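Work through these exercises with the model open beside you. Try each task before reading its solution.

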Amino acid sequence: MNHRRVVVTGLGTINPVGGDVSATWNALIDGTSGIGPVTLVDASDLPSKIAGEVDGFDIEAFMPRRQARRMDRFAQFFWVAAAEALADAKIAYEEDDPETYRAGVVVGSGIGGVETFEQELRTLLGVGPHRLSPFGIPKIIANMAGGQLSIDFNLFGPNTTVVTACAASANAIGDAAAIIQRGSADVMVAGGSDAAITRFAMGGFSQARALSRRNDDPEGASRPFDAERDGFVMSEGAGALVLEEREHALARGATVYAEMLGYGMSADGYHVTLPRPGGGGAARAMQSALDDAGIRAEQLSYINAHGTSTAANDATETIAIKTVFGEHAYRMPISSTKSMTGHLLGGAGALESVASILAMRDGVVPPTINLTHPDPECDLDYVPGEARNVEIEFVMTNSFGFGGHNVALVFGRP
Amino acid sequence: MDRTEIESKLVDLLVDELGIERDAITPDAKFEEDLDVDSLGVVELLMALEDNFGVKIPDEEAEQITTVGEAIDLVETKLNS
C-alpha cells in the first residue's frame, strides 16, 4: 500500500493574544500576555475573575449578522480561524467542484456552545419551553462548528468532531491526518475551538479546583512550571490547520509549512480530572508519537508543553518528559505558550500546533513567561522569560484532557 | 395600534431579530423565497411577534403565513379580536 504523507499547508487562529496567525506569532515571540479581568460576564462572585478574552471580537466583519446570530461564539471562532487557514492554503471550492468530496473537517471542542446552553436554560427555567430558541440546539452541539464550515466553504468530504476536553483539537489534527493517510480525503481542515468564559464554565472549573485565583495579577496568573502556579487561566478562541496529502499539495504548488509525522494517544485510566501520578499515560502518548513519526527521542528539538499552570499537570508532565527523553530532556527546550495565551481548552492543541510549526519554520522557540520562581519538581529548560533561537528539525506538542486523554503530535520540516 | 404602526414595528423586528435587509421587506415579500427565512427563522419570527405584540399565535395559524403582509394581517386581527 502506498504511504500517503500529510503536510500542513494553511494556518489560522483567533485567540487572546492575536486575531490572526501573524499577530499571534509576534505576540508569542515577544512574550505578551493576553490575560486580563473578565469582562464578558459578571465575575464578581466567581473565584476566578481573570481570563483570556478575544478583545473586540466582531463576527460581523466576517459574515452577515443573520448568519452570525445562528452560531454560538465557539463556532464563530472556529469559522474565523478556519477561514484564515483555508485562505492561507489558497483553497476555495465552488459547490460543483468534484474536489469538494475529497475535502473535509475534523473539529475538536471541549464543551461546545456553553454560552447558548446557559441562555437557553435560563429561558427554560424562567419562562418555559415555548420560548426556547429554534437555534438553541444547533448552536449548542459541538459538531456544528464543523457542520457550519462544510456549509459555507463547500467541504463535502469526511466531517466529524472530537470531544476530548483539552486534548480535543490535538485529537482532531491527528484524526484528520489519519483520514488523509487512509485515502478518504486529500484535504482536511483540522482544529478546535471553545468559548467558555461563561458563569457556568468559570464557576464549574473553579469548583473542580482547576482555575487560578490570582485575580490581582492577571498577566502573572498563568505561570506554568513556576513554584507559585495555582491553576490554569480560562481563555477562548480557536486554531485551525489545513492538512493535505503531500503529492496533492506539491502538484498545486502549495506552500508547505511542515509535515505531520506523528500522532500518539493514550488514556490514563486513573481519575476524572487528575493526571495519573508518575505521568505514565502522558509518557506513553509521547513515545507513541515518536514511534509513529519514526524518530528517536534524541532527534526531537523542542516540545510545546501542555503546561497548564496547574500544580498537578506541570509536575507530572515534567516526569513524563524525563521518562521518554532521559538525559535529552535536560538539553531540549520546552515551553508553554499557555503562559501567554491562557488555556483555550478545545482550541489549545490547534493553537499550540500553529505555534510549534512556526517555531520550526523560524527557528525561534517562544518563551514560558512568568517563570520566575522555579519549582524544584520542574527542573527542565522551559525557556523562561524570553524567546530563543533554536534550529528545529522535529517538534512535539502535548495536549492532555480531563478524563485522562493524552495526545502528542510530532511535526517535521517539509 | 393601527396597521401602519404594526407594519413599522414588524419591519424593525425583521431587521433587528432576524437580520433581514430593510430594503428587501415589502408587504408582498415571501418569507421563504424572497427573504430567505427558513423554517427555523419562521419559528423565531413568531416568537418575536408574540413577545412584541403580546399576542398568542397557535402553530396551525402560524403555518398559514407566507408573506410579510399576511403576518401584518394576522397581528392586526389578533390585536382587534
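The exercises below deal with a predicted model and go from domains to helix pairs, cores and single residues.

**Exercise 1. Domains of chain A**

Task: Find the domain bounds of chain A, then describe how the domains meet.

Solution:
- Step 1. Take the bounds from the domain assignment: domain 1 spans 7-251 and domain 2 spans 262-412.
- Step 2. Locate the C-alpha centres of domain 1 and domain 2 of chain A; they are 21 Å apart.
- Step 3. List the contacts. On one side stand 62 residues of domain 1 of chain A, on the other 56 residues of domain 2 of chain A.
- Step 4. Look at the side of domain 1 of chain A that touches domain 2 of chain A. β1 (6-14), α1 (21-30), α7 (168-181), β6 (187-194) and β7 (237-245) of chain A each supply at least two of its residues.
- Step 5. Rank the contributors. α7(A) gives the most, with 8 residues.

**Exercise 2. Two helix pairs**

Task: Classify the packing of α7(A) with α15(A), and of α11(A) with α12(A).

Solution:
- Step 1. Two packed helices are described by the angle between their axes and the distance between the axes.
- Step 2. Start with α7(A) and helix α15 (residues 348-362) of chain A. Their axes are 5 Å apart, at an angle of about 65°. Therefore α7(A) is roughly perpendicular to α15(A).
- Step 3. Name the residues in that contact. α7(A) uses A168(A), S169(A), A170(A) and I173(A); α15(A) uses A348(A), G349(A), A350(A) and S353(A).
- Step 4. Turn to helix α11 (residues 280-293) and helix α12 (residues 311-325) of chain A. Their axes come within 8 Å and cross at roughly 45°. So α11(A) is oblique to α12(A).
- Step 5. Assign the hand: α11(A) passes α12(A) in a right-handed crossing.
- Step 6. Name the residues. A282(A), A283(A), M286(A) and Q287(A) of α11(A) meet T316(A), E317(A), A320(A), T323(A) and V324(A) of α12(A).

**Exercise 3. Nonpolar cores**

Task: Which residues touch the most other members of the largest nonpolar core?

Solution:
- Step 1. Count the core: the largest has 134 residues.
- Step 2. Pick out the members that touch the most others. They are F78(A), M188(A), V189(A) and L243(A).
- Step 3. Trace the largest share. Helix α3 (residues 73-88) of chain A provides 11 residues of this core.
- Step 4. Check the domains. Domain 1 and domain 2 of chain A each contribute at least three residues to this core.
- Step 5. Inspect F78(A). Beyond its neighbours within four places in sequence, F78(A) contacts V107(A), A145(A), G191(A), S193(A), A238(A) and A240(A).
- Step 6. Find the second, separate core. It has 16 residues, including L18(B), V37(B), L45(B) and I65(B).

**Exercise 4. Loop residues**

Task: Is M332(A) buried or exposed? Then examine phi at N370(A) and V383(A).

Solution:
- Step 1. Place M332(A): it lies in the loop between α13 (328-331) and β10 (334-335) of chain A.
- Step 2. Count around M332(A). It is buried, because 20 other C-beta atoms lie within 10 Å and the cut-off is 20 or more.
- Step 3. List the contacts. Setting aside residues up to four places away in sequence, M332(A) touches L300(A), S301(A), Y302(A), I303(A) and F325(A).
- Step 4. Recall the background: most residues other than glycine have a negative phi.
- Step 5. Read phi. N370(A) has a positive value near 70°, and V383(A) has a positive value of about 50°.
- Step 6. Place both. N370(A) is in the loop between β11 (364-365) and β12 (388-389) of chain A; V383(A) is in the loop between β11 and β12 of chain A.
- Step 7. Test burial. N370(A) is buried, with 27 other C-beta atoms within 10 Å. V383(A) is buried, with 22.

Methods
Residues numbered from 1 in each chain as written. Chains lettered and ligands numbered in written order. Predicted model: local features only at pLDDT ≥ 70, side-chain atom pairs only at ≥ 80, totals over all residues. Core = buried A, V, L, I, M, F, W, Y, C linked by C-beta atoms within 7 Å. Buried ≥ 20, exposed ≤ 12 C-beta atoms within 10 Å, placed from the backbone. Helix = DSSP H or I, 4+ residues; strand = E, 2+ residues; numbered from the N terminus. Domains from an automatic or database assignment. Contact = placed C-beta atoms within 7 Å. Axes fitted to C-alpha atoms, helices over the stretch in contact; angles between N-to-C directions. Parallel < 35°, antiparallel > 145°, perpendicular 65-115°, else oblique. Left-handed = near helix turned anticlockwise from the far one by under 90°.
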